[in-house]
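Reader: Could you walk me through one part of this model up close, strand by strand, and then show me how the rest of the picture hangs around it? I'm happy with numbers, as long as you tell me what the cut-offs are.

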Amino acid sequence: IRNNLNQTYADSIISDGMVLTAYTQANTTASAVTTQYLFAIADSTTGQNIVEPSTIPVLSGGVINGSSKVFVVGNYFAIVSPVIVSGSTYLQYVSIPIGNPVNTNNTPNISAAQNVTSEIYVPLLSAPGWDGVTINNASNNILVIAYNSTSSAQGVHVASLSSQMISTNSASSTISQFNNAAYIGGLVSVC
């Protein structure tokens, strides 16, 4: 995204000739550093903005705390972000329909924020401790997310969101838990 501010932690994905980018932007002034968590959608050929840089919506009472990742799940772009609400960290998502990313008033057609799952996500200081992968084929459009958690016991937990769940802005239930005091999701990668 072209401007004169410091942008870090970017993630991008391309679908149907559009590129979704989510990124962290810092504006440093003489008195403070203001951090924003933004997304934009551009034409993947021309670079022309389809959706201007916009703030990623957050759960009620929450603040994003770390980098976001982007995915394509069926007919939706999904942005997943760690969010602190009342002192606990959760993974949240927002979705944008690929076929209709802009409302008639030229604002982003983005869903309200929703928990990926109701479980608390436990980030580690040195690494995010979560990752996701999509399965998109004729019979499945699913986002699978693995994350470090201590909700039932220390371990790596795995949740999934189908494109149907995303279309109705629903949360997932945990599908698998790998609990053991030695299973700490310091660096999580799924593929």
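Author: Let's start with one pair: Ala78 has Ser95 in S8 as its bridge partner. Before going further, this is a predicted model, where local features need pLDDT of at least 70 and side-chain atom pairs count only at pLDDT 80 or more, while totals for chains, interfaces and linings use all residues. Numbering runs from 1 along each chain as its sequence is written, and side-chain values use heavy atoms, with hydrogens and water left out.

That pair belongs to S7 and strand S8 (residues 88-97), which run antiparallel to each other over 10 bridges. Strands here are DSSP runs of E with at least two residues, numbered from the N terminus, and two of them pair if DSSP finds at least two bridges between them. S7 and S8 make a hairpin with two residues between them, and Ser86 in the turn has a positive phi of about 50°.

Strand S7 covers residues 76-85, and nine of its 10 residues are buried (buried is under 20% relative accessible area, exposed is over 50%, partly exposed lies in between, using a 1.4 Å probe and protein chains only). Strand S6 (residues 69-73) also pairs with S7, antiparallel over five bridges. Tyr76 in S7 is the bridge partner of Val73 there. S6 and S7 form a hairpin too, with two residues between them, and Gly74 in that turn has a positive phi of about 60°. Then there's strand S5 (residues 62-64), antiparallel to S7 over three bridges, with Val63 bridged to Ile84 in S7.

What does S7 give to the largest nonpolar core? Four residues, the largest share of this core. A nonpolar core is a set of buried Ala, Val, Leu, Ile, Met, Phe, Trp, Tyr and Cys residues joined through side-chain atoms within 4.5 Å. The largest one has 21 residues, and those with the most contacts inside it are Leu20, Phe39, Ile41, Ile56, Phe77, Ile79 and Ile96. S2, S3, S6, S7 and S8 are the elements that give two or more residues to this core. As background, nonpolar side chains tend to be buried together in soluble globular proteins.

S2 and S3 bring us to a sheet. Its four strands make an open sheet in the order S1-S2-S3-S4, paired antiparallel. Strand S1 (6-15) and strand S4 (49-55) are the edge strands, each pairing on one side only. From one strand to the next, the twist averages 15° (axes are lines fitted to C-alpha atoms, and angles run from 0 to 180 degrees between N-to-C directions).

Strand S3 (residues 33-43) pairs with S4 in the antiparallel sense over four bridges. Leu38 has Thr55 in S4 as its bridge partner, and Ala42 stands opposite Asn49 in S4. The S3 and S4 hairpin has five residues between the strands, and Gly47 there takes a positive phi near 80°.

Ala42, Gly47 and Asn49 turn up again at the second largest pocket: its lining has 15 residues, and Ile1, Arg2, Ala42, Gly47 and Asn49 lie nearest its centre. The pocket has a volume of about 290 Å³. In this scheme, on a 1 Å grid over the protein atoms alone, a pocket is an open set of points where a 1.4 Å probe fits, with protein on both sides within 12 Å along at least five of seven lines, and lining residues have an atom within 4 Å of a point. Points are joined across faces, edges and corners, and the volume is the space filled by probe spheres set on them. S1, strand S2 (18-28) and S3 each supply at least two residues of that lining. By class, the lining has seven nonpolar, seven polar and one charged residues; Ala, Val, Leu, Ile, Met, Phe, Trp, Tyr, Cys and Pro count as nonpolar, Asp, Glu, Lys and Arg as charged, and the others, Gly among them, as polar.

Further along the chain, another open sheet has four strands in the order S10-S11-S12-S13, again with antiparallel pairing. Strand S10 (130-136) and S13 stand at its edges with a single partner strand each, so one side of each has no neighbour in the sheet. S10 pairs with strand S11 (residues 141-149) over seven bridges, and Asp131 stands opposite Ala146 in S11.
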